[in-house]
Structures are given as C-alpha cells and as structure tokens.
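Here are my notes for anyone opening this model for the first time. Have the sequence and the 3D view side by side, and take the points in order.

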Amino acid sequence: MTKISEDEVKDFRSEAEQAVDKLSALSGTCKGDTETQRQFHELHVHKVELEMQNEELNVSIDELLQSRERYRAMVNAFDGLMYICSKDYRIEFMSDATIQRTGRDATGEYCYKSLHDLDAVCEWCQNEKVFKGESVQWEVKSPKDGRWYEASNTPVYNTDGSISKQALITDITSRKTSELALEESEHRFRSIVEHTPNIVMIHVDNKFVYLNPSAVEAFGITDQQEYIGKQIMEVVHPDFHNIVRERVDRAANNNQFNQKNEEQLLRKDGSPFWVEITGIPFTHQGNKAVLVIGVDITKRKRAEEDLKVSEEQFRNIVNKSPWAILLYDLMPDGKLVFTRANPAADRIMGVDSSQFIGNTIEQAFPSLADTAIPAQYKETALKGTQWREKSLAYSDGVISGVYENIAFQTEPGKMAVMFDDITERRNNEQALQKMKDLHAETEKFSKTGGWEFDINTRESVWTEEVYRIHELDFDFKPTVDKGIDFYTPESRPIIEKAVQRAIEYGESFDVELDIVTAKGTPKTIHAFGKPELEQHKIVGMFQDVTDRKNAETEKLLLEQQFQQAQRLESLGVLAGGIAHDFNNILAIIMGNACLAKRNPENITDKLTAIEKASERAAGLCRQMLAYAGKSQFVEDKVNIDAQVSETVKLLKASLPQNVAIRYTSLPDIPSIKADAGQISQVATSLIINATEALGDAQGEVIVTLATTEIKAAQSEKDYFGKFIPPGWYACLEVSDNGCGISEENYNRIFEPFYTTKFVGRGLSLSAVLGIIQSHKGSLQLFSEPGRGTTFKVFLPVQVTVPAENHPHVQTAQPSEWRGSGTILLVEDEDQVRFIAKAMLEYLGFNVMEAVNGKEGLEIYQNNASEITLVVTDMGMPVMDGYELCRELKKIDPKLPLIISSGFSDEDVVSRLGNHGIAGLISKPYTSDKLREVLKVVVEGALSAHV
C-alpha cells in the first residue's frame, strides 16, 4: 500500500485549481469562433465535472486523512508491535511502538532480518496463507530475545490490487510462562500421582471417581473403570465400616482434614489388606470431594507380627539354645558387667550363673583377668568387632574345660558371648586324626584313593594314594584336564564323556579304564565319580585294579578253556544221543520199507509205521529246536491250571508205588498265552525228573501252581543269574524230597543228553529250558544234596493276541477241497521238491519248479501272468527265500507267498513281517496239512479281488 502525505494532497489540489482558471481565461478569448466556442463549451463542461470530481476528491482525501489518523491512533494505542510487509518480506510500515521497541525504522528492510536477526525466512512464517487471503494467528518463541509472542497476520488490499501483510505481535511471555508453569505443575502432579507407589483415590458422594495405578494394583483389578462409580464402603472391611463412614462424612461435609489412620480394605477377590489412610477434602469439578492417600502397610503389619513372633522365637532360641549364651553391658566407666545367661550356660558350666549378675567379667571369671579376653570383649561391645576363639582352655577350680567362643555386639554398648564345651570334641578330633592316619594306610594297602574337583575352576584335590597310583610327587598340582591326560587314547573319550555328563545331567559314573603313569607304567584303574552340583564339585574314588584285572584275565582264560572242553564234551554227548534216537527211527523206516517191498499186499500197515516213525523224527527235531530256544509252537489262550492238572492225573497211573504226587493250585489262576502241548511237556519232564530223583526210596513230589508278582525292587534272579523282569507270572513249582543235586551236576543239569542215570537219556531238561525261554519265561532251581530239589517256572501272564495277528490261521477244512491254477515251487532239496510237487498236483495245481531263489525269480518274471501263488523254502544257495520274497513283492505286492521252512515261525516273521506272508507251513508236513494252508490262502486271495 502507497503512503500519501498531506503536502502531496495540497499540491494535487493546487494544480487542479490552476487548470480550471486557465480554462476560464481561454473561454473569454474565443467568443467569435463557433467551433472554438463549442470546444470551449465542452471544456467548460469538463471544468464543471473536474470541479465536482475535485470536490469529491477533496472529500475523499479528507476522509482518508481522517481514517489514516484514526488508524495511526489505533496502531499507536495497540499494546504490542505492528508492521506491514510486502510479499517479498520487505517492511512497508512500522508502528511507532515497533520503531521504539526495535530501536530504528526498518522500512524497506527484510522483516526476518530486522525483527528476528535471522538470515532466512522464519520457519513459522505464514505468508503463503496470508497472501491467499487467509487470516492466521499463532504463538511463537522469538529466537532473538527468547520471549513468547502471539502473532496475528491479516491480508491488506492495496489500491493497485496488490496484497500486503499486516502483522500484529503481542508479548505474551508473562502469560505463557504462567501457563507453562501451570501445565508443568499439573503434569508433575499427575506424574507423581500416576507413578507413586502410594494409593491415591478420589471419591465424590462416597463413590469412586478416580484411582491411580497403585490403587488399581492394590485392589487386584485391571483398570480403574472397574471401580469408577463403586461405593467406597464396598471395598472397606466390615470391621471398619463405622469408623470409615464417620471419617468420610467429617472430611466431605465439615471440610476437616483426617490424620493418618490404619484400616483394612478388600481386594476384588475378597482378600483383606492393611492401608494407612489420609483423607483430604477439596473441590473436584465443582463438587465436594475427598482425596484419599493411602500406603499399603500389609507387609509392615505382617512384619510387626513377625517381629513379635521373632522376638518370642529369639527368647525361645536363647533359652533353648544348646550353646551357652552370656550377656554383658559396657558401663560408662569402662567396666564390662555380666547381666544374664541362658539355661545352657548353667548346664555347660555346671554352676548357677545368676550369682554372677552385676559382677564384672574379671570378678565372674577370675581366670580371664590376666588375659586379653576382657579387653577384646569390651572392644566388641564398643565397636561391634566380632571375635572368635575355636579352642579356649579355662579352669578356675569350679569351672573347667575347653570351649569354643564367639563374641558379638547385640547393640551399641552391649554384647553376647556364645560358647560350647568342646572338650569331648577335641578328644574326638584327636581320635579322628588317628583314624585318618589309619585310613591313609588303608588306602595305600588297598591302592584306593579319593579325589574331588571344582566344576567351575576344574582344579582337583587328590589323596596321597592317587598321587602314588599316578607315580607323581606331591608337589604336582592336579586339574581335571591334567588327570585326563594320563588316560590312554582309547580310554580318554570315555572318561571325558562321563565327566561331561556328570556336570550337565548330574549322572554318577563307575568305569574301569587304562592309564599310563608319569613313569610310563600301564595300569588299569577303577574310577567312580558322584556329582554334587549344589556345591559345584564332583567327588570320587580312584583304585588301582591292575593286579586284579590280570588275575581276572588269567581266570577268564582258564574258564574259556574249561568251557570249550565242556562244549566239546556236550557236543559229543549230543551227537551220540541224536545218533542213538535217529538210528532207532531209521531202523523202523528202513525195516518197514524192506518188508513193504517183500510183501506188497500189507503195504498199508508198513506205510503207517513209516509215517509214525517220521513223526517221531519230527518230534526229535522239535525237541532240538526247543533246546535252542527256537521251537515252533502255536500260541493260544491256555488254562494252565487245567493243563497241569490233566498232566498230573495222567502221570499218577504210571508212577512207581513208592512215589506220592500231590497237586495244589490257588483259585483264579489267569490264562497264559502259550503252546498247550509244550506246557504239558514241561510239567511232564519236571515231574518225571523229580520221580527219578527219589529212586527206590519212599518220597513225595509236590506240584504247586500260583499267581505271583515280581516287583522291580525284588531283584529276583533266574538259574543263570539274570534278573527276572518285573510283572505278573503264573508260577509252576515242582519239588521233591529226594537225593538233591550235587554242585557239579547243578551246573550241568541242562546240558543236552547229560544224565546221571544212563547213556542216551535224551534232551529232557534241555528241551524244558528251551520251551520256557521261547515263551519268554524264567526258571529257578533250588537244591541241596540229601534234602531234595525244587524247580520254579515263571510264565508271564499276557493278554491273548487276536487270531488275525497270527501270520497263519489254520481252520479245519473238508478233505475234498481241490484247487486250480499254477504254483511256483522253490525248493533246493530234490526229494522234498519231488514230494511237494506231487502233493500240489494231487490237489489240482499245475507246478513250475525252481531249485533256488534266483531261478525262481527268473521263472516268475517270464510267467507272471500264469502263476497264482508261490511256495518257497527259506534256506537255499545262490539266493535264499528271504531275498526272493522281497524281490517278488517289489514286482507284485499282492502276490500270495507261502513259506515252507524248518525254522520257527517267529524267525520268519521277524525277518519278513506279517504283511508279506500269506501262509506258513512247517516241515515236515502232510498233504492234509498242505491242503488246509492252500485253501485258506487261495480263498483269501479270491475274496480280496471280489
């Protein structure tokens, strides 16, 4: 906006008047010229118009001048700064107050430089908004003088259409300082209230309107909103309702300040807690309110109660302490006066200590007068210096003994002395030292030493014997790592792992390892370690067992030689027994075959005899497998009570007249999972063995059956010294009162064909042992020469396995059944293959033959579409039956496989699994047996494809 001075207005008016006068003069000189007159007439009109405009201008100028004066008066009356600047920040106008405040008229200069001493536009500048026609107002702190100002910017529209900015600036430092102080004070107060550990609450009309976080936590709630609007009496313990109600009314209604009071409040869960409460009346949002400030004193109250209990306990401890306690007071004159003693002091000293009350220490205990002890006690009472004497000999003719003393300050100027008579202990220590000396000699004699090491520092402590075992001088400083270095490369990882597991898992270790001593001597040592992790150490024992190991090695060598000789002898007896039985069987077979050739008319009887002899041979094989613990048996749910009872009943008729047999069983004997025939064989063999032990003498065989439990803590062992697994068992016990078993025979009784009766007796007890082992049972044998023998058989009580879990299910089938299709028969024995082929063809099948697994696999690969199922042996050259089955299953997983083997079913199943086998048939077998297995497999395969 352009500024117009008064002089400029006067000059403008004067020039206008002169122009009018000139026009009047010219009009008088041109009266005869019409055109000229016309022009002058127009000029006259213009003159009139000009005079009118001049008059209007004079009015406007007067109004403008008046307005300017009023504006200037208003600007000068404004209690602040005022200036006008252009869009490019140059000052166009400054009020007198602004000029006076800044010290100069800065018109034409940049506002940010002259007013704020900045080199660039102020960061708070609002020019952009103002020059868009907006009015803005804000508060700012000037960087020039650090004072607060309220700035108001408005646009000013100039006559030329341009816009200037009018700035009004008011110093609000005083107000702002007060506001900031108030805000800071409120913030500080709120921060204090929000973070104070004290409980702060406000209630209006006995209802909560505010709780600080400490109050929220104290009441056990998650947010103050849970209690806003809640009646205060709802959180006050009923015992304090009347008291609190009276105090609240007094504070709210009478505006009286409540001093600190102790009361109980209730948490949200109903549990009480103690608080120290102060109530302050004040006005909250125009309402009478009470500000409650509380301190949770639950711990203090509990501490006070505990202190009472503690003081009582302290009195009890002092009175009941096994240590003697004497109390002294240090008087102002420096004398230490005896004040009290506990009952233990009277007992230990053997006198009534009340006679010493009021006496100085020197008077009470004269033998201490010439020692440094009274001075030491006085220093303890005065300065609190603790003093201890582990062995103080005292005697004054009345009191005598060796005492351990501890003196300490109870409070300034007071002290206590605790002491105990250690006369007996010192005597014991002397005796203990003798024992230690004896222990050291024992260690040396037994070559056993002790050690321990610190887990954190890995430093070790060895006894003297450990040094001697390592052939080291006693100045050697052992550590765990140095000790491990003595172990051989083979033993070092073992001891390192044992030590590490002891540290990490707290596991003890007990190992025998090899070391090489400092002098290069190889030794075998027995190391035992036990971790004590709470004390951060491991303790243990270290024994040189080199001599014992050498002796054991020599003994083991002798035992191995002896056992080898026994095995050779047993094998000879076994071979002789088998040869004896098989010769008898072969004689029957060969004899009947010869008679059949000579007399074909009676061939049926001869073939029947041959078949029975073959069954005997198969039975002998089963006995041998039973001896090996690999017998074939069919498990079923067996009533062992009925089985043993029937066996005893059958044997009674055949027993000698001099033998009486008695059978007893407890009720409710559970069934077991077993082969019924083999269980009968066990009972029969044990009863016959007991009968033979009686010989010709009168005697009794007692058979007992009961259910028994073997517990883990019982540590029951079987005949071989192995622990019997814990669990429930059916226990069959067979006892006799015969000749008993000598020590030599006791160790050989289960050897095959070993007997004291006559040569070639058979497998008998060896088969019994094999049957028991195959049933996962155990056997115990107790015998004493001349007093009889007892066999105890433990058979586990088990849940019967469902029939579908058996690899082969045999069901009686009609003998007329016949099959069809092609069977691949794989068997390496020519005669067995010939017989099996004949049986299969008789049953209606076509047969392809192979002599081993490799040939069988090739035949199947070339004829897979024709072959219905495969019957294979297991033990064959080139490729055995196990590998053949696996290869065939790779080609056709659904191909039915029947296993024909002399091994047990369990051996086959364990290697192939149930899922790969359609059927099992044990050698030797009859055509009827083969028909049964084939029918089950064929019909099962057909049903699977329906």
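1. Let's start with Gly740. This is a predicted model, and in it Gly740 comes out at 15% relative accessibility, so it counts as buried. You'll find Gly740 in the loop that runs from strand E25 (727–736) to helix H21 (743–746).

2. What does Gly740 touch, once residues up to four places away in sequence are set aside? The list is Ser783, Glu784, Pro785, Gly786, Gly788 and Thr789. Thr790 is worth picking out too: its C-alpha atom is 9.0 Å from that of Gly740, with the two positions 50 residues apart along the chain.

3. Now zoom out for the overall picture. The protein chain has 946 residues, and 38% of them are buried. Its secondary structure runs to 27 helices and 32 strands. If you take the contacts with a separation of 6 or more, 53% come from residues 24 or more positions apart.

4. On to the nonpolar cores. In soluble globular proteins, nonpolar side chains tend to be buried together. The largest nonpolar core here holds 38 residues, and the members that touch the most others are Ile640, Val703 and Phe750. Helix H20 is the top contributor to this core, giving seven residues.

5. Try clicking on Ile640. Ignoring neighbours within four places in sequence, Ile640 is in contact with Ile669, Pro670, Ile672, Ile679, Leu705, Ala730 and Leu795. There is also another core, apart from the largest one, with 28 residues, including Ala324, Ala345, Ile373 and Tyr394.

6. Helix packing is next. Two packed helices are described by the angle between their axes and the distance between the axes. For H20 (residues 676–694) and H22 (residues 765–774), the angle is about 140° and the axes are 9 Å apart. Is the crossing of H20 and H22 left-handed or right-handed? It is left-handed.

7. Which residues make that contact? From H20 come Gln678, Gln681, Val682, Ser685, Leu686 and Asn689, while H22 brings Leu765, Ala767, Val768, Ile771 and Ser774. Sorted by type, the residues of the H20 and H22 contact are six nonpolar, five polar and no charged.

8. Ala674 is one for the strand fans: it lies in strand E23 (residues 672–674). Buried or exposed? Ala674 has just 1% relative accessibility, so it counts as buried. The C-alpha atom of Asn639 is 9.5 Å from that of Ala674, although the two residues are 35 apart along the chain.

9. A loop can hold a buried residue as well, and Thr488 is a case to look at. Thr488 sits in the loop between helix H15 (480–484) and helix H16 (492–505). Its relative accessible area is 14%, under the 20% cut-off, and therefore Thr488 is buried. Beyond residues up to four places away in sequence, Thr488 touches Asp514, Ile515 and Val516.

10. Two backbone angles deserve a look. Most residues other than glycine have a negative phi, and most peptide bonds are trans. Lys776, which is not a glycine, has a positive phi near 60°. Lys776 is placed in the loop between H22 and strand E26 (778–784), and at 58% relative accessibility it counts as exposed.

11. Val878 is the other one. Its phi is positive, about 65°, and Val878 isn't a glycine either. Val878 lies in the loop between strand E30 (867–872) and helix H25 (881–891). With a relative accessible area of 66%, Val878 is exposed.

12. Last, the cysteines. How many disulfides are there? The count is zero. Cys122 is in no disulfide, and the nearest cysteine sulfur to its own, that of Cys111, is 6.2 Å away. Cys122 counts as buried, at 11% relative accessibility.

13. And why is Cys125 unbonded to Cys111? A disulfide needs the two sulfur atoms within 2.5 Å. The closest cysteine sulfur to that of Cys125 is in Cys111, 6.3 Å away, so the pair is too far apart for a bond. Cys125 counts as partly exposed, because its relative accessibility is 25%.

Note on methods:
Residues numbered from 1 in each chain as written. Predicted model: local features only at pLDDT ≥ 70, side-chain atom pairs only at ≥ 80, totals over all residues. Heavy atoms only, no water. Buried < 20%, exposed > 50% of the residue type's maximum accessible area, 1.4 Å probe, protein only. Axes fitted to C-alpha atoms, helices over the stretch in contact; angles between N-to-C directions. Helix = DSSP H or I, 4+ residues; strand = E, 2+ residues; numbered from the N terminus. Left-handed = near helix turned anticlockwise from the far one by under 90°. Contact = heavy atoms within 4.5 Å. Nonpolar A, V, L, I, M, F, W, Y, C, P; charged D, E, K, R; others polar. Core = buried A, V, L, I, M, F, W, Y, C linked by side-chain atoms within 4.5 Å.
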